[in-house]
Amino acid sequence: MDQKTINTLEFPCIVEKLAGYAAFSASAELARSLSPAASIKEANERLIHTTEARLLLSLKADVGVGGAHDIRPLVNLARRGGVLSETDLLDVSGTLIASRSLSRAFEKVSSKVPHLTEIARLLPPPAGIIEAISRCISDRGEMLDNASPKLSAIRSEIKVSHSRLISKLESMINDPRTQPILQEPIITQRNGRYVIPLRAEFKGRVKSIIHDQSSSGATLFVEPLAVVELNNRWHELQLEERDEIRRILAELSTKVGAEAEAINGIVEALARFDFYLMCAKYAEDIHASEPILKPISPPPNEHHPGTTIKLYKARHPLLDPEKVVPIDVDLDEHTFSVIITGPNTGGKTVTLKTVGLMVLMAQSGLHIPAQSGSELSYFDNVFADIGDEQSIEQSLSTFSGHITNIVRILDKARSKTLVLLDELGAGTDPQEGSALARAIMLYLVEKRIPCFIATHYPELKTLAHTTPGAVNASMEFNLKTLRPTYHLTLGIPGRSNALLIAKRLNLPEEILENARSMVDPTELKSEDLLNEIHFQREVARKARSAADRDRSLANNLRQELTLRLEQIEEERQAILEKAREEASQEIETVRRELETLRKELMHHRQPLVAVEEIRNKIEGIEKKTLRPVTRKPSSQPGDGALIQVGRKVKVRTLKMAGVITAVDGDDVEVQVGNLRVKVKRAELTTVIEETAEPVEKRPVVKPTPAGASTPTTPFRATPGMELDLRGQRAEDALDQLDRYLADAYMSGMPFVRIIHGKGTGRLRQVIREALRESPHVKNFEEGGEKEGGEGVTIAHLSQD
């Protein structure tokens, strides 16, 4: 990729922003070396890694490489036989611990992020190094006494020797015969040996070795001969301690050096993983989406290079996201050259840089600040001539600098490259500059080189209108406020607003009339035509917006009416069902009374004709009563616009809401919770999403009639209210726990009891960590005193 263009488009600024998310120096270094990929395959792989990193952050927000350091220089030193210090070895241990923790974190999400999992396969640390360092060195970077038996013995002897030495000196300074000749009754050190402060005039009174004297000369710091041997022994033990510590450090360094290749690979894997986390975090902060990066396809016609540029709501990533105005750049299969016109400071340069940065970011594996669905071709190179190319050292004017750069670009540009030219032909005589600009544009179009050109020359508007493959575009300008709107409009050239702006700023009418008379009438007519086009376009835009709003309101009203009709129908069914049950009970009562009457008549030998007639009538009434209540057909399910993939619906037979995942004629597949069910269209009603409308306008949901059941989930047998995991290994317990939680969640249980016992607390810790990460668990708490206390955990399940 052209380095001059990369700098011109300010891509290094994006790289620096990205590096700010680094967790350690190795990933920051990786970010600062970021450049567009050498092939579309590599670019798409980077994009997939970034997408997976965003998914991983949504699943485990705290995932990261905390505690890692770039220990490659230390490891290479150890490989060459160097000895690492305690702090260096702590950095090695911390990095390996971070890699081990990250590797374990991937165990439960590996299927969801397969590409990142491939990186994670390099993370498990070599066996024994972490344990060896932790056994010898404390968290404060100090060598532990139990690092070796010899070191432990030496330090014990040092304590004894030191105690003897201090005791001897204390007895001397506390001796009444010695105190008068001492400057102070204290023990201090000079040159690593313990001494006492002796007044200079008494230096012959104590047999000793002089190590130092005060600045005034009044005090001598002497080591009495009586403690020389003790001092010597204490110092010898310190040297033995130093040698033993160095031996242990050398031994640990040798272990690190022996695994240098594996450890360097781990650091590189951590850096790569953190780099993609950085890309994900940056994408989240700028509200970016994954672009669709496509290879340049075979040309659809002889005038087109086969490139694709479809950017929706694209924003310059370095501008304030609250203020930047998004642009749409959607080039059809007949267009590859865009001529942008508009006022100064209207956004032409920003538009060029936005398009260029979108390409560079996408090809570097970064998500772009644009709406999802944006598509870009993979370009072999991007060339840009933007800004002032003036050079005093090379004696180049602005125009000469631009032409020098354009000559370089034209020499390298091909049909698979993108060219961005700002203020083409500016900085010289307008007539000649316009001619040069038209000639360069025609050259690029004839060579089928995709390009975006910003210009003020009106002649390029006409040329773009008549040249196949080229299209006009304009930066809109608000004549009422005299400010640019920064909106890009494809298909319409920009207007020259000089006379209108001058009129609004109260330039004398006489001067304006003279100016109009000097302008070619054809140009004035063209400007009037452009003004009318822009006016009619604005009218059409407002009309379309009003129509879209009205259509949206109509759809909302239709859905609201449909929901109300459904509720009325459900209430009608409930009333009829209740009436049917009451009638059945009354018929049963009459039947029993009739049977009693029949028995009495038979007992008194009376005729039963009247009774039989009544019984026949009752049976007829009963048949009508037992006839099932049928639901009136709803017009909603037949509406194809309402039954479509992604729409939220309610399954009447289950009385549950779900999302449509597939439609096959009259059969519809609906995702209900974790289950997929196939139902008929007639069994569905759409669900209106809850909105912040006034309460009095919301549909009133009638209470469920008595006796009617309202299940929340499809029936599934419960696995029991508690799970006993006492005495099991952590791995086996976790497998059993996962299955149990899934079954309990699917059966609609509100909470479960997990019995893990007290013991050492290891099993409890593992189980609660698993509950914390389980998607089925809302929260959990320790069991009460009557439930088992610390030996039991109560897990409350999600009720989605």
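I count a residue as buried when its relative accessible area is under 20%. Everything below comes from a predicted model.

**Entry: Lys 60 and its partner**

I started with Lys 60, which has a relative accessible area of 14% and is therefore buried. Next I looked up its charged partner and found Glu 773, with the closest N and O atoms of the salt bridge 3.2 Å apart. Lys 60 sits in the loop between helix 4 (40–59) and helix 5 (72–79), while Glu 773 belongs to helix 21 (residues 762–773), so this pair ties together parts that are 713 residues apart in sequence. Unlike buried Lys 60, Glu 773 is partly exposed, at 37%.

**Entry: other salt bridges**

The structure holds 31 salt bridges, and I picked out a couple more. Staying in helix 21, I noted that Arg 772 and Glu 769 are 3 residues apart, about one helical turn. Their side chains meet in a salt bridge at 2.9 Å, N to O. Arg 772 is exposed, with a relative accessible area of 53%, and Glu 769 counts as partly exposed at 37%.

Then I moved to helix 10 (residues 228–258), where Glu 236 and Arg 233 are also 3 residues apart, about one turn of the helix. I read 3.5 Å, N to O, for their salt bridge. Glu 236 is partly exposed at 41%, and Arg 233 is partly exposed at 30%. What else is linked with Arg 233 and Glu 236 in a network of salt bridges? I found Glu 157 and Glu 240 there.

**Entry: aromatic rings**

I found 4 aromatic pairs in the structure. One of them joins Phe 106 and Phe 273 edge-to-face, 5.5 Å centre to centre with 70° between the planes. Phe 106 lies in the loop between helix 6 (86–105) and helix 7 (114–120) and Phe 273 in helix 11 (residues 260–285), so the contact ties together parts 167 residues apart in sequence. Phe 106 is buried at 4% relative accessibility, and Phe 273 is buried at 1%.

I also checked Phe 275 and Tyr 276: their ring centres are 5.2 Å apart and their planes lie at 65°, so I logged the pair as edge-to-face. Both of these residues are buried.

One ring has a charge for company: the charged end of Arg 190 sits over the ring of Phe 221, 4.0 Å from its centre.

**Entry: a nonpolar patch**

Last, I turned to the surface, where Leu 561, Leu 565 and Ile 568 form a nonpolar patch with about 310 Å² of accessible area together. I placed Leu 565 in helix 18 (residues 521–603).

Methods. Residues numbered from 1 in each chain as written. Predicted model: local features only at pLDDT ≥ 70, side-chain atom pairs only at ≥ 80, totals over all residues. Heavy atoms only, no water. Phe/Tyr/Trp six-rings, centres within 6.5 Å; stacked < 30°, edge-to-face > 60°. Helix = DSSP H or I, 4+ residues; strand = E, 2+ residues; numbered from the N terminus. Buried < 20%, exposed > 50% of the residue type's maximum accessible area, 1.4 Å probe, protein only. Lys NZ or Arg CZ within 6 Å of the ring centre and 35° of its normal. Patch = residues over 30% accessible without salt bridge, like charges linked within 9 Å, V, L, I, M, F, W, Y side chains within 5 Å. Areas by Shrake-Rupley, 256 points an atom, 1.4 Å probe, with all protein chains shown as cover. Salt bridge = Lys/Arg side-chain N within 4 Å of Asp/Glu carboxyl O.
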